[in-house]
Amino acid sequence: MEKLSLAAAALLIAAAPSMAHAQAEGQINASATIGQVLAFDNTTAKAISFGTLTPDQTAAVSAAGYIPLKHNVAVQIWFNALPSLSDGTATLTTTYACSVSATTTAGTFGTCPTAQSDVSAISSQFYQTTTGGVATNYVHVRATLGQTVINNAAPGLYSATVEVRAAKSTI
């Protein structure tokens with residue numbers, strides 16, 4: 001019996017290394033999709049408001065507003081519509097200047113691009129990148145009414161909607 005026990009022990013010792021190396025492998029795939037953020041925040045936009053103007057102006061009058069744009073991709077910004085103010089029958093010729101900044105304080109105003117293809121030709125400020133995470137840029141618009149336009153206007157409420165567009169950059 002002792003011989004049998006010694007033989008079994010020897011067999012176990014000899015088999016131990018191969019038993020220790022027995023293993024299996026499996027794979028579990030993992031993935032994550034990071035969504036694109038590209039949205040204007042209409043709830044915190046600041047309207048362009050001239051207030052009440054009297055027809056005795058001695059100079060042109062300007063007013064400015066902005067709309068925040070949140071994005072996590074490089075974007076191009078342009079203006080689909082820059083209409084003159086109107087009361088439904090009469091129109092007040094309105095000129096616009098635009099800028100983009102990282103704050104609610106406007107940067108240098110300049111020409112407003114009116115097509116996505118105009119963005120790179122007009123100013124690099126209308127092309128915004130992000131270095132990771134979600135960035136917020138403020139698209140500023142300054143509207144100006146000339147002195148003669150105001151002084152010759154009939155009383156009434158004149159309004160317009162400036163349409164701002166943004167798209168993932170093609171540059």
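The paragraphs below go through this predicted model from its overall layout to its sheets, its core and a few single residues.

The protein chain contains three helices and nine strands. Read from the N terminus, these elements follow the order α-β-β-β-β-β-β-α-β-β-α-β. The chain has 171 residues, and 27% of them count as buried. Its contacts often link distant parts of the sequence: among contacts with a separation of 6 or more, 81% are between residues 24 or more positions apart.

The strands can be taken sheet by sheet. Strands of a sheet pair through backbone hydrogen bonds, and the pairing is either parallel or antiparallel. One open sheet here has four strands in the order β1-β2-β8-β6, and the pairing is antiparallel. Its edges are formed by β1, residues 38-40, and by β6, each of which pairs on one side only. On average, neighbouring strands in this sheet are turned by 25 degrees against each other, if direction is ignored.

A second open sheet has three strands in the order β7-β3-β9, again with antiparallel pairing. Here β7 (127-128) and β9 (163-168) are the edge strands; each has a single partner strand, so one side of each has no neighbour in the sheet. Between β3 and β9 the antiparallel pairing runs over six bridges. One of the residues involved is F79, whose bridge partner in β9 is V164.

F79 also leads to the interior of the protein. The largest nonpolar core is made of 25 residues, and F79 is among those with the most contacts inside it, together with F50, I77, L85, C98, F126 and L145. Four elements give two or more residues to this core: β2 (61-71), β3 (75-81), β6 and β8. Two of these, β2 and β3, are strands whose places in the sheets were given above: β2 stands in the four-stranded sheet, and β3 in the three-stranded one.

What does L145, one of the core residues, touch? Leaving out residues up to four places away in sequence, L145 touches F50, L53, A60, V61, L85, L92, T93, T94 and I150. Two of these, F50 and L85, are also listed with L145 among the core residues with the most contacts.

Strand β6 deserves a longer look. This strand is mostly covered, with seven of its eight residues buried. It pairs with strand β8, residues 135-145, in the antiparallel sense over eight bridges. Two residues show how the strands line up: S99 has H140 as its bridge partner in β8, and S101 has Y138.

Which residues form the disulfide? A search of the whole structure finds one such link, and it joins C98 to C112 with an S to S distance of 1.8 Å. The link is right-handed, with 90 degrees about the S-S bond. C98 belongs to strand β6 (residues 94-101), while C112 is in the loop between β6 and α2 (119-122), so the disulfide ties together parts that are 14 residues apart in sequence. Both C98 and C112 are buried.

S101 lies in strand β6 as well. Is S101 buried or exposed? Its relative accessibility is 11%, and the limit for buried is under 20%, so S101 counts as buried. The side chain of S101 has two polar partners to note. One is the backbone oxygen of T103, reached at 2.6 Å, and the other is the side chain of H140, at 2.9 Å. Apart from neighbours within four places in sequence, S101 is in contact with A106, G107, N137, Y138 and H140. Among these, Y138 is its bridge partner in β8, and H140 is the bridge partner of S99.

S49 gives a contrast. This serine is found in the loop between β1 and β2. With a relative accessibility of 52%, S49 counts as exposed, whereas S101 counts as buried. The side chain of S49 reaches the backbone nitrogen of G51 at 3.4 Å. S49 and A143 are 94 residues apart along the chain, and their C-alpha atoms are separated by 9.1 Å.

Technical notes
Residues are numbered from 1 along each chain as its sequence is written. This is a predicted model: local features need pLDDT of at least 70, side-chain atom pairs count only at pLDDT 80 or more; totals for chains, interfaces and linings use all residues. Side-chain values use heavy atoms; hydrogens and water are left out. A disulfide is a pair of cysteine sulfur atoms within 2.5 Å. Buried means under 20% relative accessible area, exposed over 50%, partly exposed in between (1.4 Å probe, protein chains only). A polar contact is a pair of N or O atoms within 3.5 Å; within protein, one must be able to donate a hydrogen and the other to accept it, and residues adjacent in sequence count only if both atoms are side-chain atoms. Contact means heavy atoms within 4.5 Å. Two strands pair if DSSP finds at least two bridges between them. Axes are lines fitted to C-alpha atoms, for helices over the stretch in contact, and angles run from 0 to 180 degrees between N-to-C directions. A nonpolar core is a set of buried Ala, Val, Leu, Ile, Met, Phe, Trp, Tyr and Cys residues joined through side-chain atoms within 4.5 Å.
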